[in-house]
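Got your viewer open and ready? Here is a short tour, one selection at a time.

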Amino acid sequence: MAAPPCFLQALPPETDATDGDIVTFQVKVSSDPTDPTVVSWWRCGESLRPLPGHREMISHEDGWHELILSNVTEEDEGEYECRAENHRGHNSSFGSLFYYQEGGGTLTDITLEGMAAEGDGRQSGLLILIDDGSQTEEESLSGTPSFIDSLTNRHLSSV
């Protein structure tokens with residue numbers, strides 16, 4: 001009995017990339033060979049088309065489908081969807097591409113001990129640290145970075 005296409009290999013939930021990277025999204029679709037399947041690619045809800053030198057879509061006879069992004073930029077960041085459709089219905093696989101600037105650091109959130117207790121008069125809040133790459137290899141291997149110790153005794157002011 002014919003059914004909507006299904007994904008034997010789905011998109012990864014998250015993919016990281018930086019300037020100039022090549023990212024390949026691959027899926028494997030299974031469907032009834034007597035019911036033609038159309039596979040399309042979407043980013044942030046908008047249909048994607050091939051773009052020479054930047055975006056290529058390849059369909060293989062064995063059910064594998066690829067979206068290849070060359071020379072990734074910040075504009076490529078977002079949620080990607082691979083949609084497989086036939087006369088019986090459709091299915092989608094989703095994954096996100098996260099762009100970061102090389103050497104620009106990443107965002108990290110941390111919880112400081114004793115700062116989030118409710119009702120004891122202490123302030124609480126979210127601290128976002130930006131890794132500027134200045135941590136030494138020795139600090140990386142020791143576990144907690146040295147600047148955390150100096151932060152645990154500080155109070156957050158009300159915003």
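Start with the hairpin that links β8 to β9: two residues make the connection. This is a predicted model, so keep that in mind at every stop. Select residues 78–86 for β8 and residues 89–99 for β9; these two strands run antiparallel and are joined by nine bridges. Want to see how the two strands line up? Pick Glu-81 and look across to Phe-94 in β9, which stands opposite. Then move along to Cys-82, whose opposite number in β9 is Ser-93. While you are looking at neighbouring positions like these, a rule of thumb: in a regular strand, side chains alternate between the two faces of the sheet.

**The sheet around the hairpin**

Now bring in the rest of the sheet. Which strands belong to it, and in what order? Reading across, you get β2-β9-β8-β4-β5, an open sheet of five strands with mixed pairing. At the edges sit β2 (14–17) and β5 (46–47), each pairing on one side only.

On the other side of the hairpin's β8, select β4, residues 38–43. β4 and β8 pair antiparallel, over six bridges. For one rung of that ladder, click Ser-40 in your viewer: its bridge partner in β8 is Arg-83.

Stay on Arg-83 for a moment and show its side chain. What does Arg-83 lie over? The answer is the face of Trp-42, with 4.0 Å to the ring centre.

Next, step off the end of β4 to Cys-44, in the loop between β4 and β5. Its phi is near 50°, a positive value in a residue other than glycine. Is Cys-44 buried or partly exposed? Its relative accessible area is 45%, so Cys-44 counts as partly exposed.

**Over to the edge strand β2**

Go to Thr-15, which is in strand β2. Thr-15 has a relative accessibility of 17%, and therefore counts as buried, as the cut-off for buried is under 20%. What is Thr-15 in contact with, once you leave aside its neighbours within four places in sequence? Light up Val-23, Phe-25, Ser-96, Leu-97 and Phe-98. Keep Phe-25 selected, as the next stop uses it.

**An aromatic pair**

Add Tyr-80 to your selection. Phe-25 and Tyr-80 form an aromatic pair of the tilted kind, 5.0 Å from centre to centre and with 35° between the planes. Where in the chain do the two come from? Phe-25 is in strand β3 (residues 23–30) and Tyr-80 in strand β8, 55 residues apart, so the pair links distant parts of the chain. Phe-25 is buried, with a relative accessible area of 1%. Tyr-80 is buried too, and its relative accessible area is 1%.

**The second sheet**

Phe-25's strand, β3, is your way into another sheet. Four strands make it up, in the order β1-β3-β7-β6, and this open sheet is antiparallel in its pairing. Its edge strands are β1 (6–9) and β6 (55–59), which each pair on one side only. Look along the sheet and you can follow the twist, which averages 25° from one strand to the next.

Zoom in on β6 and its partner β7, residues 64–69: five bridges join the two, and they run antiparallel. For a landmark there, choose Ser-59, with His-65 opposite in β7.

From β7, carry on into the loop that leads to β8 and stop at Asn-71. Asn-71 has a positive phi of about 55°, although it is not a glycine. How exposed is Asn-71? At 48% relative accessible area, Asn-71 is partly exposed.

**Zoom out**

To finish, show the whole protein. How many helices and strands are there? You should find two helices and 11 strands. Along the sequence the pattern reads β-β-β-β-β-β-β-β-β-β-β-α-α, with the helices following the strands.

Colour by burial if your viewer allows it: of the 159 residues, 28% are buried. Switch on the surface as well, and you are looking at about 11000 Å² of accessible area, 48% of which belongs to carbon and sulfur atoms. Finally, think about how the chain meets itself: among contacts between residues at least 6 apart in sequence, 60% join residues at least 24 apart.

Methods:
Residues are numbered from 1 along each chain as its sequence is written. This is a predicted model: local features need pLDDT of at least 70, side-chain atom pairs count only at pLDDT 80 or more; totals for chains, interfaces and linings use all residues. Side-chain values use heavy atoms; hydrogens and water are left out. Buried means under 20% relative accessible area, exposed over 50%, partly exposed in between (1.4 Å probe, protein chains only). Contact means heavy atoms within 4.5 Å. Accessible areas come from the Shrake-Rupley method with a 1.4 Å probe; for residues, only the protein chains shown count as cover. Two strands pair if DSSP finds at least two bridges between them. Axes are lines fitted to C-alpha atoms, for helices over the stretch in contact, and angles run from 0 to 180 degrees between N-to-C directions. Rings of Phe, Tyr and Trp (its six-membered ring) pair if their centres lie within 6.5 Å; planes under 30 degrees apart count as stacked, over 60 as edge-to-face and the rest as tilted. A charge sits over a ring if NZ of Lys or CZ of Arg is within 6 Å of the ring centre and within 35 degrees of the ring normal.
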